[in-house]
Amino acid sequence: MRTRGLLPPDLNAYAIYGTPVLAPCEGEVLATRSDLPDQKPMEMDPDNLPGNYITLHCHDLTILLAHLRQNSLVVDVGDTVTAGQPIAEVGNTGNTTEPHLHIHAVEGRVTDHDTLAFEGKGMPMTFGSRFLKRNDRVQTR
C-alpha cells in the first residue's frame, strides 16, 4: 500500500515520503533546487513543475529526479556521485498531487530546463534490468 487512508493530509502517511533517493548512475550533478516547501496532498505548484530536484549527467544522458523533500539534498552542483549513493529524500514539491519520485532521462548533456522538461529526446531506462511501468516499485534492499 502506498498510503494509510484515502489522500490523507499528513505527508508521513505516505510510505514513500522521506525515503532516501539514490543516484541511479555515476555522474556529475548539473543542477539542484531544494528550497521549496513540501505541500499537502492535492496542493500543487504549477509555477515550479519539478519542485525540488537534482539533474545528473551520466553516460551522455541527463537524468532528472524531481519532487524532492525540502532541504533534503546532500549533493551540490559540480559534485560527482556514484550509483547507489544517497542524494536526497522523496518529497511532495512542485506540480504533484502526492509524494512520489519523478525520474526521466533525455539524450545528451542538458542544462536548459525547458529542453529537459519538454523538448529533449526522451530515453528509455531500466532498473535492475527491468523496464518499469507507472506505479512499479523498485526495492533496493
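Trainee: Leaving aside neighbours within four places in sequence, which residues is Asn 92 in contact with?
Mentor: This is a predicted model. Asn 92 sits in the loop between β6 and β7. Leaving aside its neighbours within four places in sequence, its contacts are Leu 11, Tyr 17, Pro 37, Asp 38, Gln 39, Lys 40, Pro 41, His 67, Thr 97, Glu 98 and Pro 99.

Trainee: Is Asn 92 buried or exposed?
Mentor: The cut-off for buried is under 20% relative accessible area. Asn 92 has a relative accessible area of 0%, so Asn 92 is buried.

Trainee: Which backbone oxygen does the side chain of Asn 92 reach?
Mentor: Two backbone atoms matter here. The backbone nitrogen of Glu 98 lies 3.5 Å from a polar atom of the Asn 92 side chain. The oxygen, reached at 2.7 Å, belongs to Gln 39.

Trainee: What is the strand order in the open sheet?
Mentor: The sheet has six strands, with antiparallel pairing. β5 (80–81) and β8 (122–123) stand at the edges, each with a single partner strand, so each has one side without a neighbour in the sheet. The order is β5-β2-β3-β4-β7-β8.

Trainee: How many bridges join β4 to β7?
Mentor: β4 covers residues 61–68 and β7 covers residues 102–107; they run antiparallel. Leu 61 stands opposite Glu 107 in β7. Ala 66 has His 102 as its bridge partner in β7. The number of bridges joining the two strands is six.

Trainee: And in β8, what is the bridge partner of Val 106?
Mentor: β7 and β8 run antiparallel, joined by two bridges. The partner of Val 106 in β8 is Gly 122.

Trainee: Which residues does the disulfide join?
Mentor: The structure holds one disulfide. Its S to S distance is 2.2 Å. Both cysteines are buried. They are Cys 25 and Cys 58.

Trainee: Why does that pair tie together parts that are apart in sequence?
Mentor: A disulfide is a covalent bond between the sulfur atoms of two cysteines. Cys 25 lies in the loop between β1 (20–22) and β2 (27–33), while Cys 58 is in strand β3 (residues 52–58), so the parts tied together are 33 residues apart in sequence.

Trainee: What is the handedness of the disulfide?
Mentor: Look at the torsion about the S-S bond of Cys 25 and Cys 58. It is about 65°, so the disulfide is right-handed.

Trainee: Which strand gives the most to the largest nonpolar core?
Mentor: That core has 18 residues; Val 21, Ile 54, Leu 56, Ile 63, Val 81 and Ile 87 touch the most other members. β3, β4 and β6 (86–89) each supply at least two residues. With four residues, the strand that gives the most is β4.

Trainee: How many residues make up the second core?
Mentor: The second core is separate. Among its members are Tyr 53, Ala 66, Val 110 and Leu 116. Its total is six residues.

Trainee: Is Phe 118 buried or exposed?
Mentor: Phe 118 is found in helix α1 (residues 113–119). The cut-off for exposed is over 50% relative accessible area. At 56%, Phe 118 counts as exposed.

Trainee: How far apart in space are Phe 118 and Val 106, C-alpha to C-alpha?
Mentor: In sequence they are twelve residues apart. In space, C-alpha to C-alpha, the separation is 10.0 Å.

Note on methods
Residues are numbered from 1 along each chain as its sequence is written. This is a predicted model: local features need pLDDT of at least 70, side-chain atom pairs count only at pLDDT 80 or more; totals for chains, interfaces and linings use all residues. Side-chain values use heavy atoms; hydrogens and water are left out. Two strands pair if DSSP finds at least two bridges between them. A disulfide is a pair of cysteine sulfur atoms within 2.5 Å. Buried means under 20% relative accessible area, exposed over 50%, partly exposed in between (1.4 Å probe, protein chains only). A nonpolar core is a set of buried Ala, Val, Leu, Ile, Met, Phe, Trp, Tyr and Cys residues joined through side-chain atoms within 4.5 Å. A polar contact is a pair of N or O atoms within 3.5 Å; within protein, one must be able to donate a hydrogen and the other to accept it, and residues adjacent in sequence count only if both atoms are side-chain atoms. Contact means heavy atoms within 4.5 Å.
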